[in-house]
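Welcome to this short tour. Please open the structure in your viewer and keep the sequence beside it as we go from stop to stop.

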Amino acid sequence: MALLGRLLGAIPLKIWLALIGTGVVGVGGWFAWQEYRTALTDAAAARQALDAAQAENAQRQLVIDALWQNAQRLEEQRQQLNDTKADLERTASNRLTRLRELIHENAELRAWAGTRLPDAVIRLRERPAVTGAADYRQALRDAQPMQPPRERTDD
């Protein structure tokens, strides 16, 4: 141990300071290099997260655009239906008004309008309410004949 102490004591202070300074700089450089590697890894992870977020955002924007276009198309269709409905209501109203005018003006037509419809016509208008495709199909199967069945006469 004494020999080591003598050897270490024989090294001048400037060299000790240079060695210590070199060690401190080396350790500091190593820590800086480790921080740099960590920063590069963090930057790469952040870039991947940014890319994933941008891709997800682009996908969401496509969905939003498609929904917006669909909403605009539906609104145009709704407007067309409203216009068609208004035209049909106007036509029906004009026809009803014209029928009332004709009934009011024409005595023969007024007398005909007041008569009872024939039984065959009344049966045509008597049917159960149909509330769907299955009910409609069943109503067609169960349809009553327009004319009551006549008795066959053998001549």
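A residue is called exposed when its relative accessible area is over 50%, buried when that area is under 20%, and partly exposed in between. Keep these words in mind while you look around, and remember that this is a predicted model.

**The whole chain**

Start with everything selected and color by secondary structure. You should find five helices and zero strands, and read from the N terminus the elements run α-α-α-α-α. How many of the 155 residues count as buried? The share is 0%. Now switch on the surface: the accessible area of the protein comes to about 14600 Å², and 60% of that belongs to carbon and sulfur atoms.

**A nonpolar patch**

Next, select Val 27, Trp 30, Phe 31, Trp 33, Tyr 36 and Leu 40. Together these side chains make a nonpolar surface patch of about 670 Å². One of them, Tyr 36, sits in helix 2, which covers residues 13–105.

**Charged pairs**

Side chains of opposite charge can pair when their charged atoms come close. In this model the count of salt bridges is seven, and we will visit some of them.

Stay in helix 2 and select Glu 75 and Arg 78. Their side chains meet in a salt bridge, at 2.5 Å from N to O. Why can they face each other along the helix? The two are three residues apart in helix 2, so about one helical turn separates them. As for their surroundings, Arg 78 is partly exposed at 39% relative accessible area, and Glu 75 is partly exposed too, at 38%.

Move along to Lys 85 and Glu 89. Which contact links them? A salt bridge does, with the closest N and O atoms 3.8 Å apart. This pair lies four residues apart in helix 2, and that spacing is again about one helical turn. Glu 89 has a relative accessible area of 46%, so Glu 89 counts as partly exposed.

**A last stop**

Finally, select Arg 116 and Asp 119. They form a salt bridge whose closest N and O atoms are 3.0 Å apart. Is Arg 116 buried or exposed? Its relative accessible area is 64%, so Arg 116 is exposed. Its partner Asp 119, at 47%, is partly exposed.

To finish, show the surface again and find both the patch that includes Tyr 36 and the salt bridge between Arg 116 and Asp 119.

Technical notes:
Residues numbered from 1 in each chain as written. Predicted model: local features only at pLDDT ≥ 70, side-chain atom pairs only at ≥ 80, totals over all residues. Heavy atoms only, no water. Patch = residues over 30% accessible without salt bridge, like charges linked within 9 Å, V, L, I, M, F, W, Y side chains within 5 Å. Areas by Shrake-Rupley, 256 points an atom, 1.4 Å probe, with all protein chains shown as cover. Salt bridge = Lys/Arg side-chain N within 4 Å of Asp/Glu carboxyl O. Buried < 20%, exposed > 50% of the residue type's maximum accessible area, 1.4 Å probe, protein only.
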